[in-house]
Amino acid sequence: MLTYIEKMKDMLFILVVTAAYSVIAHTVGSNGDIAAGSIGALVLVAITVVGIVISWLPGFRKLPMVFWVSIVAVVVSMPQFPISDWILAQTKNVGFLSITTPILAYGGLCLGKDLQAFKQLSWRIVPVALAVAAGSFVCATALAEVMLHLEGIF
């Protein structure tokens, strides 16, 4: 049990630092409100913590942590959830584009930590990364188009 507490401390620290960087980036880049953005970022941190705790429960370990965090986020944003209106109102004050900066920085640090493995991949990682990025972009664009047409927005 002690290891989970230690892991949660580390994850909570990373989440709070990421949230702070995101709020600052959104405030500077988009002239957002720092107080409203902070509340929204803390709501996102809370949703993430609940998903992490669920992923550590004995019967739920088979699926990855990101799955459980996503499920919690979907459930709390559904209209049937009692405070979904408040949650949606708070998270609208967070610039999600600004969240990508610290996430990409963490990814770069993790990759730099295992430089020997990266060297073994050499040039072969470049086409794979390009294919993954292009596929993600095309699928996200197609999904956005479908949803916008279903909503009658576009």
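**A walk through an all-helix model**

Trp56 is buried, at a relative accessible area of 16%. I start there, hello everyone, because under 20% is what buried means here, and Trp56 will come back twice in this talk. Please keep in mind that we are looking at a predicted model.

Let me step back to the whole chain for a moment. The protein has 7 helices and 0 strands, so reading along the sequence gives α-α-α-α-α-α-α. Of its 154 residues, 21% count as buried. And how much of the contact comes from residues far along the chain? Among contacts with a separation of 6 or more, 59% are between residues 24 or more positions apart.

Now back to Trp56 and its partner. Searching the whole structure turns up 3 aromatic pairs. In one of them, the ring centres of Tyr4 and Trp56 are 5.0 Å apart and the planes stand at 40 degrees, so we call that pair tilted. Tyr4 belongs to helix 1, residues 2–30, while Trp56 belongs to helix 2, so this pair ties together parts 52 residues apart in sequence. Is Tyr4 buried, exposed or partly exposed? With 24% relative accessibility, Tyr4 counts as partly exposed.

Another pair is Phe67 with Trp68. Their ring centres lie 4.9 Å apart and their planes are at 80 degrees, so this one is edge-to-face. Trp68 is buried, at 13% relative accessible area, whereas Phe67, at 33%, is partly exposed. Phe60 comes in too: ring pairs join Phe60, Phe67 and Trp68 into a cluster.

Let's turn to the nonpolar cores. Which residues make up the largest nonpolar core? There are 8 in all: Met8, Leu15, Ala19, Val23, Ala41, Val45, Ile52 and, yes, our friend Trp56. Helix 1 and helix 2 are the elements that give two or more residues to this core. As a piece of background, nonpolar side chains tend to be buried together in soluble globular proteins.

Two valines give a feel for this region. Leaving out neighbours within four places in sequence, Val45 is in contact with Leu12, Leu15 and Ala19. Val49, which sits in helix 2, touches Met8, Leu12 and Leu15, again not counting residues up to four places away. If you would like a distance to check on screen, the C-alpha atoms of Val49 and Met8 are 8.3 Å apart, although their positions lie 41 residues apart along the chain.

There is another core, apart from the largest nonpolar core, with 5 residues, among them Val43, Ile47, Val72 and Ile87. Some of those names will return in my last stop, the meeting of helix 2 and helix 4.

Helix 2 covers residues 34–56 and helix 4 covers residues 84–91; their axes come within 7 Å and cross at roughly 120 degrees. Helix 2 and helix 4 are therefore oblique to each other. Who meets whom? On the helix 2 side we have Ala36, Ile39, Gly40, Val43, Leu44 and Ile47, and they meet Trp86, Ile87, Gln90 and Thr91 of helix 4. Sorted by character, the residues of this contact are 7 nonpolar, 3 polar and no charged.

So, to close where we began: Trp56 is buried, pairs with the ring of Tyr4 and is part of the largest nonpolar core. Thanks for listening, and I'm happy to take questions.

Technical notes
Residues numbered from 1 in each chain as written. Predicted model: local features only at pLDDT ≥ 70, side-chain atom pairs only at ≥ 80, totals over all residues. Heavy atoms only, no water. Axes fitted to C-alpha atoms, helices over the stretch in contact; angles between N-to-C directions. Helix = DSSP H or I, 4+ residues; strand = E, 2+ residues; numbered from the N terminus. Parallel < 35°, antiparallel > 145°, perpendicular 65-115°, else oblique. Contact = heavy atoms within 4.5 Å. Nonpolar A, V, L, I, M, F, W, Y, C, P; charged D, E, K, R; others polar. Phe/Tyr/Trp six-rings, centres within 6.5 Å; stacked < 30°, edge-to-face > 60°. Buried < 20%, exposed > 50% of the residue type's maximum accessible area, 1.4 Å probe, protein only. Core = buried A, V, L, I, M, F, W, Y, C linked by side-chain atoms within 4.5 Å.
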